[in-house]
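Here's a quick tour of a structure for anyone new to reading them. Take a look at the sequence and the 3D view first.

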Amino acid sequence: MSARITAGLFMSHVPAIGAAVDKGLTEEPYWQPLFEGLKTSRQWIADNPTDVVILVYNDHGNAFSMEMIPTFALGMAASYQPTDEGWGPRPVPIVEGHPELSAHLAQSVIPAGFDLTLVNEMTVDHGLTVPLSMMYDQPAAWPTKVVPLAINVIQHPAPTGRRCLELGKAIRAAVETFDDDLNVQIWGTGGMSHQLQGARAGLINPEWDHAFLERMINDPEGMADVPNVDYLREAGSEGVELVMWLTARGALADLNGGPAPTEAHRLYHVPASNTAVGHLILENA
Ligand code: DHB
Ligand code: FE
């Protein structure tokens, strides 16, 4: 039996959420409502364990630097050490990779026309570890292996939503030809609306965020044609992180000739640091 993608998960990656978990602040009044909403997510992932997560995220100048920023970077390693700016490296487990699946993804996705950068050694920052903490809290070891896929949304031009969605389709085809009985989830992370700098710092646009969540479910092809400048204008300079959700969405069955996904959970919470937190679980077995 070959590997299969069974669900798409989507979530923000605010560093302060990671710090709240690490410092035991999740019951504080500021954080309690968010973590109350994540109880459903944590129960869901306990009921729906996965062998590997293909985790689509962005690096924030930690693994890469301003000297070199790959547009699409695939982690090929057996493990990835946490790193971070701000609060520093998080006290979270090492992230175990799946080099065989990484190699297969490269062998399938690059000939399909997506010129990935292959990264044999890299660290992973809050973009990848905060989503893991949101879903798994504080385990001694992460309950899943992870294949990191880092997308540049730091230095413009970021790839288009269309390109991200089409990459997701190529990833689905690749997973389905991997000759191992693996349950694979794909997670699209980053966003929602936020702007960390400049005159509009602190911008949150709930109407746009809610519409995006809705279109992620019902109109991903239409959403893929929204230009990045619309994200920048409507969801703030860092809101463009949301294009990464489209890679995970493109890997679900309905965009590849199969049935529509089922919405298992939806969460929207403001505030978390400077960012609106959005979260979706779309089942796709
Ligand atoms: C915040 C959000 C981000 O996406 C990020 O990478 C860093 C900080 C914030 O809201 O504070
Ligand atoms: Fe970010």
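Which residues surround ligand 1? They are His 13, Val 14, Pro 15, His 60, His 126, His 194, Leu 196, Glu 241, Ser 273, Asn 274 and Thr 275, where a residue counts as near if one of its heavy atoms lies within 4 Å.

A quick word on the ground rules. This is a predicted model, where local features need pLDDT of at least 70, side-chain atom pairs count only at pLDDT 80 or more, and totals for chains, interfaces and linings use all residues. Residues are numbered from 1 along each chain as its sequence is written, chains are lettered from A and ligands numbered from 1 in the order written, and side-chain values use heavy atoms, leaving out hydrogens and water.

Here are some polar contacts (pairs of N or O atoms within 3.5 Å):

| Side chain | Partner | Distance |
|---|---|---|
| His 13 | oxygen atom of ligand 1 | 2.9 Å |
| Ser 273 | oxygen atom of ligand 1 | 2.6 Å |
| Thr 275 | oxygen atom of ligand 1 | 2.5 Å |

On its own, ligand 1 has 290 Å² of accessible area (Shrake-Rupley method, 1.4 Å probe), and the protein covers 90% of that.

Now for the sheet. Its eight strands (DSSP E runs of at least two residues) form an open sheet in the order S6-S3-S7-S2-S8-S1-S10-S9, with mixed pairing; strands pair if DSSP finds at least two bridges between them. S6 (117–119) and S9 (262–272) stand at the edges with a single partner strand each, so one side of each has no neighbour in the sheet. S9 and S10 (residues 275–283) run antiparallel, joined by eight bridges, and His 265 stands opposite Ile 281 in S10.

Notes:
Helices (H or I, at least four residues) and strands (E, at least two) are DSSP runs, numbered from the N terminus. A polar contact is a pair of N or O atoms within 3.5 Å; within protein, one must be able to donate a hydrogen and the other to accept it, and residues adjacent in sequence count only if both atoms are side-chain atoms.
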